[in-house]
Amino acid sequence: MERTEWDLVTKPKLIGFLIAAGFFFLLVMVSEPGFVFIVDHANLLFHEAGHPIVGLFSQRLEPYGGTLGQLVFPLVLMVSFWRQGQSLSFAGASIWFFENWLNIARYLADARRQELPLVGGGDHDWHRILSSWHILPYDGTIATTLQAIGWLGMVAACVWVGWRAWQDRNRPLPQADFASAAWL
Ligand SMILES: [Zn+2]
């Protein structure tokens with residue numbers, strides 16, 4: 001796949017990104033575990049879209065469609081930003097992708113209890129999925145693992161931006177950036 005080189009991560013861009021990410025992490029921490037206002041409303045929308053789309057192809061895989069749906073959208077953005085070499089947008093989409101894992105973990109942890117209110121009142125995805133694999137008693141363990149992956153991924157995105165800025169520290173600004181650089 002053809003792609004352009006990563007764009008420059010200047011020091012002001014790095015600082016701006018880390019502040020924004022810091023605020024987002026704070027929001028994640030003060031929110032109900034695995035449900036961040038607006039972000040998870042969007043995730044829920046893609047989740048609900050995923051079921052019927054996957055259901056069109058396979059009835060057996062339909063319960064997985066919701067989770068796939070909510071992961072595919074940020075993933076498509078990640079690939080698109082990666083191809084365009086847009087460093088900060090790529091990292092932002094990665095944070096969104098991994099925040100989804102916290103939301104998925106919240107649902108998965110509820111597989112035995114089934115206390116979460118379900119949109120559309122249908123079957124509990126994870127109760128069905130984990131039952132079919134005979135691993136229902138492990139819902140808590142699996143959810144904790146997904147949560148850890150989610151946090152690791154979000155932090156890794158920030159570390160990566162820092163690393164890019166370090167790599168770029170001696171790279172000359174492209175001509176077009178000079179004008180805007182004066183304003184940073
Ligand atoms: Zn679902």
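**Exercise 1. Is glutamate 115 buried or exposed?**

Solution. Start with the ground rules. This is a predicted model, where local features need pLDDT of at least 70, side-chain atom pairs count only at pLDDT 80 or more, and totals for chains, interfaces and linings use all residues. Residues are numbered from 1 along each chain as its sequence is written, and side-chain values use heavy atoms, with hydrogens and water left out.

Step 1. Take the cut-offs: buried means under 20% relative accessible area, exposed means over 50%, and partly exposed lies in between (1.4 Å probe, protein chains only).

Step 2. Glutamate 115 has 59% relative accessibility, so glutamate 115 counts as exposed.

Step 3. Look at its partner. Glutamate 115 meets arginine 113 in a salt bridge, 3.3 Å from N to O. A salt bridge needs a side-chain nitrogen of Lys or Arg within 4 Å of a carboxyl oxygen of Asp or Glu. Arginine 113 is exposed, at 53%.

**Exercise 2. Find which parts of the chain the salt bridge between arginine 106 and glutamate 32 ties together.**

Solution.

Step 1. Check the distance. The closest N and O atoms of arginine 106 and glutamate 32 are 3.1 Å apart.

Step 2. Place the residues. Arginine 106 lies in helix α4 (residues 87-109) and glutamate 32 in the loop between α1 and α2 (39-57), so the pair ties together parts that are 74 residues apart in sequence. Helices here are DSSP runs (H or I, at least four residues), and strands are runs of E (at least two), numbered from the N terminus.

Step 3. Check the exposure. Arginine 106 is partly exposed at 22%. Glutamate 32 is partly exposed at 46%.

Step 4. Set this pair in context. The whole structure holds 8 salt bridges.

**Exercise 3. Describe the salt bridge of aspartate 168 and arginine 171, and the network around this pair.**

Solution.

Step 1. The closest N and O atoms of this pair are 3.0 Å apart.

Step 2. Aspartate 168 is buried, at 5% relative accessibility. Arginine 171 is partly exposed, at 31%.

Step 3. Widen the view. Salt bridges link Glu5, Arg164, Asp168 and Arg171 in a network.

**Exercise 4. Name the protein donors of the zinc ion and describe their spacing.**

Solution.

Step 1. Donors are N, O and S atoms within 2.8 Å of the metal (3.2 Å for Na, K and Ca); water is not among the atoms, so sites may look incomplete.

Step 2. The protein donors are His47 (NE2), His51 (NE2) and Asp125 (OD), at 2.0 to 2.1 Å from the zinc ion.

Step 3. Read the spacing in sequence: H-x3-H-x73-D.

Step 4. Histidine 47 and histidine 51 are 4 residues apart in helix α2, so about one helical turn separates them. Both histidines are buried.

**Exercise 5. Classify the aromatic pair of phenylalanine 46 and tryptophan 96.**

Solution.

Step 1. Rings of Phe, Tyr and Trp (its six-membered ring) pair if their centres lie within 6.5 Å; planes under 30 degrees apart count as stacked, over 60 as edge-to-face, and the rest as tilted. This rule gives 10 aromatic pairs.

Step 2. For phenylalanine 46 and tryptophan 96, the centres are 6.2 Å apart and the planes make 55°, a tilted pair.

Step 3. Phenylalanine 46 sits in helix α2 and tryptophan 96 in helix α4, 50 residues apart, so the pair links distant parts of the chain.

Step 4. Phenylalanine 46 is partly exposed at 23%. Tryptophan 96 is buried at 18%.
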